[in-house]
Amino acid sequence: MNQNPQNRRPRIAASSYLNTAPLIWSFLYGSKQDAVDLFTHTAPSRCAEMLSSGEVDAALVPVIEYQRIRDIAIVPDVCVGSRAAVRSVVIASKQNNLKKIKRVALDDSSRTSVALVKIIFQEFLGFEPEWQTAPPDLRSMLEHNDAALIIGDPAMKIPREKFHVFDLARLWHDYTGFGFVFAMWMAGKNSAEQLRAIDFKAARDEGLANLKDIAARNADQTLTPEEIYDYLTRNIAFQMDEDKMKGLDLYFELAQKHGLTERTKPLEFISYS
């Protein structure tokens, strides 16, 4: 990445899924509208690509990419995580038991969850099914596979009466006892000085103070404002704590163990002091 010119606003990217809404509301509608140039994309994987290529200075990135992208640091204390059930990262299947699954279609918009589902099968279930990467369309994914990994808003709209739905964060918690972190703000190290002027924690807090507005803006025929509010308050956690940090450390350890990352580098945070 090239050093940022000081005469322009920082460029940041985030997924447009519901679970990021409280973290970007301030930049879209609140007090920090003029602080950054925000780019939204439905695919978390695309946000990782934009940060890696230098298209943006910071991005809300799938956490697995911290171990893959060079010369980046993490914004502390802010995350997209879950204490237990997350609802929006699931395996959908006609099978009623994960041990019966032989072939899994993987949502190509995901990075962290793809690694997580592989860890769950290999580390905790003791076998590895066949994998196929595919666009996140459940019907086509299940044409040649007996299970599908779906993330984000589409996962919340899967008809539970037609499929067995396994919540990955719930499975992780059941096997490890820890919460799970899906994404965090990350920045190129040479952008860190400029990014210190952006208070991502205050932006999060402003978003959380406006959850009813977020719920109203994002409601549709399949998700009511009440359901969205419940999801953002009961299923998603936006602040790091010791439980989620332990879960993140274990996730990175297991990712390397199963060949999903080459090494495990220690977490390096942007200092705001």
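This passage walks through a five-stranded sheet, the helices lying across it, and a handful of charged and buried residues in a predicted model.

The sheet comes first. Five strands line up in the order β8-β7-β9-β6-β10, forming an open sheet with mixed pairing. At the two edges sit β8, covering residues 130–134, and β10, covering 164–167, and each of these pairs on one side only. On average, and with direction ignored, neighbouring strands of the sheet are turned by 25° against each other.

Both senses of pairing show up at the edges. β8 runs parallel to β7, and five bridges hold the two together. One of the residue pairs here is aspartate 107 with alanine 134, the latter sitting in β8. At the other edge, β10 runs antiparallel to β6 (residues 89–93), and four bridges join them. Here serine 93 has histidine 164 of β10 as its bridge partner. As for β7, the strand is mostly covered, with four of its five residues buried.

Two helices lie across this sheet. Helix α3, made of residues 112–125, lies across β6, β7, β8 and β9. Its direction makes an angle of about 155° with β7. Helix α6, made of residues 168–176, lies across β6, β9 and β10, this time at about 55° to β10.

The loop between α3 and β8 holds proline 129. Is this proline buried or exposed? Proline 129 has a relative accessible area of 7%, under the 20% cut-off, so the residue counts as buried. Once neighbours within four places in sequence are set aside, its contacts are Ile101, Lys102, Arg103, Val104 and Phe121. Lysine 100 is 29 residues away from proline 129 along the chain, yet their C-alpha atoms are separated by 9.6 Å.

Now for the charges. Side chains of opposite charge can pair when their charged atoms come close. Across the whole structure, a search turns up 20 salt bridges. One of them joins glutamate 65 to arginine 111, with 3.2 Å between the closest N and O atoms. This pair links distant parts of the chain: glutamate 65 belongs to the loop between β3 (58–62) and β4 (72–74), arginine 111 to the loop between β7 and α3, and the two are 46 residues apart. Glutamate 65 has a relative accessibility of 6% and therefore counts as buried, whereas arginine 111, at 22%, counts as partly exposed. Both residues also belong to a salt-bridge network that links Arg46, Glu49, Glu55, Glu65, Arg68 and Arg111.

Another salt bridge brings together glutamate 268 and lysine 189, at 3.1 Å from N to O. Glutamate 268 is in the segment after α11 (242–257), while lysine 189 is in the loop between β11 (180–188) and α7 (192–195), so the bridge ties together parts that are 79 residues apart in sequence. Both partners are partly exposed: glutamate 268 has a relative accessible area of 37%, and lysine 189 has one of 39%.

Aspartate 241 and lysine 244 make a further salt bridge, their closest N and O atoms being 3.0 Å apart. What is the status of each partner here? Aspartate 241, at 35% relative accessibility, counts as partly exposed, but lysine 244 is at 1% and so counts as buried.

Then there is aspartate 153, placed in helix α5 (residues 153–156). This aspartate is buried, yet has no salt bridge. Why not? The nearest side chain of opposite charge is lysine 157, and at 5.6 Å that falls outside the 4 Å limit, so the pair does not count. What the side chain of aspartate 153 does reach is the backbone nitrogen of leucine 18, at 3.0 Å. Leaving out neighbours within four places in sequence, aspartate 153 is in contact with Tyr17 and Leu18.

Glutamine 194, in helix α7, also has a side chain that reaches the backbone. With 12% relative accessibility, glutamine 194 counts as buried. Its side chain reaches the backbone oxygen of arginine 8 at 3.2 Å.

Technical notes
Residues numbered from 1 in each chain as written. Predicted model: local features only at pLDDT ≥ 70, side-chain atom pairs only at ≥ 80, totals over all residues. Heavy atoms only, no water. Pairing = 2+ DSSP bridges. Axes fitted to C-alpha atoms, helices over the stretch in contact; angles between N-to-C directions. Contact = heavy atoms within 4.5 Å. Buried < 20%, exposed > 50% of the residue type's maximum accessible area, 1.4 Å probe, protein only. Lys, Arg positive; Asp, Glu negative; His and termini not counted. Polar contact = N/O pair within 3.5 Å; in protein donor to acceptor, adjacent residues only side chain to side chain.
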